[in-house]
Amino acid sequence: MSDLDQLTQSLARNLKRWRNERGFTLDALAARSGVSRGMIIQIEQARTNPSVGTTVKLADALGVSITTLLDYEQGPHVRLVPPEQAVRMWSTPAGSSTTLLVGTEARGPLELWSWSLVPGEGSASDPHPQGTTELLHVTAGVLTLVVDGVEHAVPAGTSAVFEASAPHAYRNDGDETVQMTMAVSIPPAR
């Protein structure tokens with residue numbers, strides 16, 4: 001597959017994903033972006049490669065970056081955030097602070113979970129509805145996060161965000177109990 005073909009396929013997949021994520025019909029996105037309904041259909045079907053200007057209009061209308069629309073990632077996207085990349089928002093001389101660990105552009109119902117996995121145990125999950133995103137932060141141990149068959153080691157202090165519409169599992173392959181906090185963002189019912 002050529003770079004242009006890959007770009008066209010990525011844009012088609014991501015445009016459709018984000019349009020559905022935002023709950024926009026083709027007509028609504030056309031009205032918001034100033035891009036014709038016919039052009040949006042052609043882009044979503046990977047039948048055309050739009051100009052940069054058209055792509056920027058669509059990204060702006062969806063409230064995402066152009067990078068998000070052109071993301072080459074194949075399959076479920078997993079992003080790990082090591083502790084040194086977390087953003088300290090504020091702190092006081094006495095020691096109080098807040099740190100943004102990881103974020104996502106999802107909307108809809110949101111759940112917050114506390115997890116404890118003893119060594120040798122795990123939990124598998126069926127795929128969630130399209131558009132479901134999970135964010136997690138490991139506070140103790142090393143979590144083995146498996147998304148669509150790919151294993152990711154997530155040590156204490158590291159955060160991760162991933163699309164949970166693929167089969168996924170959480171395992172403790174180590175010898176220390178894994179403690180983590182997880183948020184699940186579920187797309188609104190249509």
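Contact, throughout this tour, means heavy atoms within 4.5 Å. Keep in mind that what you have open is a predicted model.

**Stop 1: Ala164**

Select Ala164, in the loop between strand S9 (159–163) and strand S10 (168–171). Its relative accessibility is 0%, so Ala164 counts as buried. Skip the neighbours within four places in sequence, and the residues in contact with Ala164 are Pro127, His128, Thr132, Thr133 and Glu134. For a sense of scale, add Pro93, which is 71 residues away along the chain: the two C-alpha atoms are separated by 39 Å.

**Stop 2: Asn172**

Now move past S10 to Asn172, in the loop that leads from S10 to strand S11 (178–185). Buried or exposed? At 1% relative accessibility, Asn172 counts as buried. Show its side chain and look for the backbone nitrogen of Gly174: a polar atom of the Asn172 side chain lies 2.9 Å from that nitrogen. Then display the contacts of Asn172, again without the neighbours within four places in sequence. You should get Leu117, Val118, Pro119, Gly120 and Glu121, along with Val142, Thr177 and Val178.

**Stop 3: strand S7 and its partners**

Select strand S7 (142–147). Five of its six residues are buried, so S7 is largely enclosed by the rest of the structure. Which strands pair with S7? One is strand S8 (residues 150–155), in the antiparallel sense, over six bridges. Pick Thr144 and you'll find its bridge partner in S8, Ala153. S7 and S8 form a hairpin with two residues between the strands, and there Asp148 takes a positive phi near 55°.

S10 also pairs with S7, again antiparallel, this time over four bridges. To see where they meet, pick Val146 and look opposite, to Ala169 in S10.

**Stop 4: the largest nonpolar core**

In soluble globular proteins, nonpolar side chains tend to be buried together. Here the largest nonpolar core has 18 residues. Start with the members that touch the most others: Leu136, Val138, Leu143, Leu145, Phe162, Tyr170 and Met180. Colouring by strand helps, as at least two core residues come from each of strand S4 (110–117), strand S6 (133–140), S7, S9 and S11. Which strand supplies the largest share? That is S11, with four residues.

Zoom in on Met180. Beyond its neighbours within four places in sequence, Met180 is in contact with Trp113, Ser114 and Trp115, with Leu136, His137, Val138 and Thr139, and with Leu143 and Tyr170. Apart from this core lies another one, of 16 residues, with Leu15, Leu29, Leu58 and Leu69 among them. Follow those leucines to the next stop.

**Stop 5: residues 15–69**

Select residues 15–69, which an unreviewed UniProt entry lists as "domain: HTH cro/C1-type". This stretch is 71% helix and 0% strand, and its end C-alpha atoms are 6 Å apart.

Pick Arg22 in helix H1 (3–22). At 15% relative accessibility, Arg22 counts as buried. Its side chain reaches the backbone oxygen of Leu62 at 2.8 Å.

**Stop 6: helices H2 and H3**

Next comes helix H2 (26–33). Its buried residues are Leu26, Leu29, Ala30 and Ser33. Look down the axis: they fall within an arc of 100°, so they line one face of H2. On the other side, Ala31 and Arg32 are exposed. The cover over the buried residues of H2 includes H1, H3 and H4. Just past the helix, Gly34 has a positive phi, near 80°.

Finish on helix H3 (residues 37–44), where Ile40, Ile43 and Glu44 are the buried residues. They span an arc of only 95° around the axis, which puts them on the same side of H3. What lies over them? The cover includes H1, H2 and helix H4 (52–62). Last pick: Ala46, just after H3, with a positive phi of about 55°.

Terms used:
Residues are numbered from 1 along each chain as its sequence is written. This is a predicted model: local features need pLDDT of at least 70, side-chain atom pairs count only at pLDDT 80 or more; totals for chains, interfaces and linings use all residues. Side-chain values use heavy atoms; hydrogens and water are left out. Buried means under 20% relative accessible area, exposed over 50%, partly exposed in between (1.4 Å probe, protein chains only). The arc is that of the directions from the helix axis to the C-beta atoms. A polar contact is a pair of N or O atoms within 3.5 Å; within protein, one must be able to donate a hydrogen and the other to accept it, and residues adjacent in sequence count only if both atoms are side-chain atoms. A nonpolar core is a set of buried Ala, Val, Leu, Ile, Met, Phe, Trp, Tyr and Cys residues joined through side-chain atoms within 4.5 Å. UniProt positions are given in the numbering used here, feature names are shortened, and annotations may be inferred rather than shown by experiment. Two strands pair if DSSP finds at least two bridges between them.
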